[in-house]
Amino acid sequence: MHLQEKTITSDTVYEGRIFTIIHDTAELENGVTAIRDVLLHSGGVCVIPLTEDNEIFMVRQFRYPFREVTTEIPAGKLEKGESHYDCGRRELVEETGYTCTEYIYLGEIYPTPAYNTERIHVYLAKGLQPDKQHLDDDEFLDIEKIPLTQAVEMVMDGTIKDAKTQIAILKTARILGI
């Protein structure tokens with residue numbers, strides 16, 4: 001049972017629209033029990049829309065928990081039964097008003113693995129083609145184009161704080177040799 005924990009009890013303490021919280025008692029490998037509070041989340045997808053000129057379509061939006069406007073790449077929550085592939089393509093057009101001809105999977109990340117089950121799938125979108133933006137009724141954002149090299153600088157100087165955006169930008173820069 002090395003590096004494993006066994007769930008002894010599990011109680012749901014909150015069920016919301018976006019996540020559920022469970023309160024568990026777990027047995028550790030040394031036989032001692034510990035409390036584990038876990039946020040259950042359906043997961044999401046983020047997409048880095050890259051133009052032929054190596055510019056990224058970024059979204060600026062207010063993030064309530066931090067009470068500030070952040071600069072991020074388009075992203076969204078997986079709907080029940082939706083594939084991450086389809087979710088990313090949906091979010092790309094909803095938030096930016098663009099579709100793509102090339103859609104490259106860059107992997108999966110665990111943004112906060114200590115207490116949250118959220119998994120975010122990362123995609124690179126190329127061959128962008130204009131379509132029509134379809135924001136949700138409760139979604140308000142601005143779109144701006146930022147050169148990839150500038151976005152890398154914004155990650156490194158702390159201007160871009162969102163983890164999924166940082167990872168996608170740095171992976172894309174590495175893939176392109178920038």
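Which side chain does Lys145 meet in a salt bridge? In this predicted model, the partner is Glu55, at 3.8 Å from N to O. Lys145 belongs to strand E10 (residues 142-147) and Glu55 to strand E5 (residues 55-63), so this pair ties together parts that lie 90 residues apart in sequence. Lys145 is partly exposed at 46% relative accessibility, and Glu55 is partly exposed too, at 21%.

Let's step back to the whole chain. Its secondary structure comprises 3 helices and 10 strands, which follow the order β-β-β-β-β-β-β-α-β-β-β-α-α from the N terminus. The C-alpha trace spans about 55 × 35 × 30 Å along its principal axes. Of the 178 residues, 40% are buried. Among contacts with a separation of 6 or more, 54% join residues 24 or more positions apart.

Now for the charges. The chain carries 18 positive and 31 negative charges, and their mean positions are 1 Å apart. The structure holds 11 salt bridges, including these:

| Salt bridge | N to O distance |
|---|---|
| Glu5 and Arg36 | 2.9 Å |
| Lys145 and Glu55 | 3.8 Å |
| Arg90 and Glu91 | 2.9 Å |

The Glu5 and Arg36 pair links distant parts of the chain: Glu5 sits in the segment before strand E1 (6-15) and Arg36 in strand E3 (residues 33-41), 31 residues apart. Glu5 is partly exposed at 43%, as is Arg36 at 33% relative accessibility.

In the Arg90 and Glu91 pair, Arg90 is partly exposed at 22%, while Glu91 is buried at 5%. Elsewhere, Arg63, Glu72, Asp162 and Lys164 form one network through salt bridges that share partners.

Conventions:
Residues numbered from 1 in each chain as written. Predicted model: local features only at pLDDT ≥ 70, side-chain atom pairs only at ≥ 80, totals over all residues. Heavy atoms only, no water. Helix = DSSP H or I, 4+ residues; strand = E, 2+ residues; numbered from the N terminus. Buried < 20%, exposed > 50% of the residue type's maximum accessible area, 1.4 Å probe, protein only. Contact = heavy atoms within 4.5 Å. Lys, Arg positive; Asp, Glu negative; His and termini not counted. Charge placed at Lys NZ, Arg CZ, Asp CG, Glu CD. Salt bridge = Lys/Arg side-chain N within 4 Å of Asp/Glu carboxyl O.
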